[in-house]
Amino acid sequence: MKPGAHPGAEAIAAKGWLAAHRYLLWRRATQLGILGLFLLGPWFGWWLVKGNIASSLTLDALPLTDPLLIAQQFAAGHWPLTTALIGALIVLLFYLLVGGRVYCAWVCPINIVTDAAEWLRRRLKIRGQMRLSPHIRYWLLGAVILLPLATGALAWELVNPVTLVYRGLIFGMGVAWTVVIGLFLFDLLIGRRAWCGHLCPMGAFYGLLGEGALLRISATRRDRCDDCLDCFAVCPEQQVIRPSLKDADHTPVILAGHCTNCGRCIDVCARDVFRFTTRFSRTTFPPAEVEKPHQNPIHQQEVST
């Protein structure tokens, strides 16, 4: 990344603005579209989806349930409805295929808030941040499970930002505004990606779920990398990139469960280093194939003569 340039500036120049924001635009459309489906019923009376993001029934036929919610119910000593169990199994299988933290990047509405804080943080060039261990989220995940075990209540759902925002959009934001603004300021002023990358117990749960997922991002053209660091700058989980990009003994596939498959590294790379693939792919492009400039056959003939 050139001094003073924002991440992706070279990609915009090379590929155009739309191509350099393709996956970001798809993510926003998915996040807002899913949220919109849940609001159609309460706002307009069109009940295509009943329930909320944690547990829902689509077209009175397809149940979808957050597996973490089911785990809390079991811990609290409550037996979930059969439809909820089926819904949790469907969601579990889906994220085992596409990656658990796809939920974080493509579904969770709080991601829009934290992405906005990260964008403004870069624009204002805020550098300082509190050092937060990424392991804190696992302790909080443990608390999410242990509290229902101790109290018999789903304590996390009372303060879950996703649940609060959904309720707020239906019944009036109220305290939900405090949560949204608080998370925004926390990520902006206290620490980069502090909530999603270090604290969120849902992120910890879905990260564990995604360890063996099939869909992955791979640095298939890592020999093209010119160390611009644009991919690193935009990645919400920066630690997942380096092994696949810079370690010759490591597969080019990013296998870390905390990769959100957001696709931003693909968007901002002007040299098309990354692409979506599967965890079993080991394809790379050799340096000669990538770096060798194209030569006009006529020019080659002139040189040989």
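Tutor: Partly exposed means a relative accessible area between the buried limit, under 20%, and the exposed limit, over 50%. Keep in mind that this is a predicted model.

Student: Why is D272 called partly exposed?

Tutor: D272 has 33% relative accessibility. That value falls between the two cut-offs, so D272 counts as partly exposed.

Student: And what makes K15 partly exposed?

Tutor: K15 stands at 28% relative accessibility, so the label is again partly exposed.

Student: How do you know that K15 and D272 form a salt bridge?

Tutor: Their closest N and O atoms are 3.8 Å apart. The cut-off is 4 Å, so the pair qualifies as a salt bridge. The pair links distant parts of the chain, 257 residues apart. K15 lies in helix α1, and D272 in the loop between α15 and β5.

Student: Why is D115 called buried?

Tutor: Its relative accessibility is 12%. Buried means under 20%, so D115 counts as buried.

Student: What makes R28 and D115 a salt bridge?

Tutor: The closest N and O atoms are 2.6 Å apart. That is within 4 Å, so the pair passes. R28 lies in helix α2 and D115 in helix α6, so the bridge ties together parts 87 residues apart in sequence.

Student: Which salt bridge joins D115 to R193, and at what N to O distance?

Tutor: The side chains of R193 and D115 meet at 2.5 Å, N to O. R193 sits in the loop between α10 and α11, so this pair ties together parts 78 residues apart in sequence. Both residues are buried. Salt bridges with shared partners join R27, R28, D115 and R193 into one network.

Student: How do you know that R279 has no salt bridge?

Tutor: The nearest side chain of opposite charge, E211, is 6.9 Å away. A salt bridge needs a distance within 4 Å, so E211 does not qualify. R279 is nevertheless buried.

Student: What makes the backbone oxygen of E211 a polar contact for R279?

Tutor: That oxygen lies 3.4 Å from a polar atom of the R279 side chain. The limit is 3.5 Å, so the distance fits. R279 also touches other residues, including G212, L214 and V253.

Student: Why are β1 and β3 said to stand at the edges of the sheet?

Tutor: The open sheet runs in the order β1-β2-β3, with antiparallel pairing. β1 and β3 each have a single partner strand, so one side of each is left without a neighbour in the sheet.

Student: What makes β1 and β2 a pair?

Tutor: They share three bridges in the antiparallel sense. At least two are required, so they count as paired.

Note on methods: Residues are numbered from 1 along each chain as its sequence is written. This is a predicted model: local features need pLDDT of at least 70, side-chain atom pairs count only at pLDDT 80 or more; totals for chains, interfaces and linings use all residues. Side-chain values use heavy atoms; hydrogens and water are left out. Buried means under 20% relative accessible area, exposed over 50%, partly exposed in between (1.4 Å probe, protein chains only). Lys and Arg count as positive and Asp and Glu as negative; His and the chain ends are not counted. A polar contact is a pair of N or O atoms within 3.5 Å; within protein, one must be able to donate a hydrogen and the other to accept it, and residues adjacent in sequence count only if both atoms are side-chain atoms. Contact means heavy atoms within 4.5 Å. Helices (H or I, at least four residues) and strands (E, at least two) are DSSP runs, numbered from the N terminus. Lists of a residue's contacts leave out its neighbours within four places in sequence.
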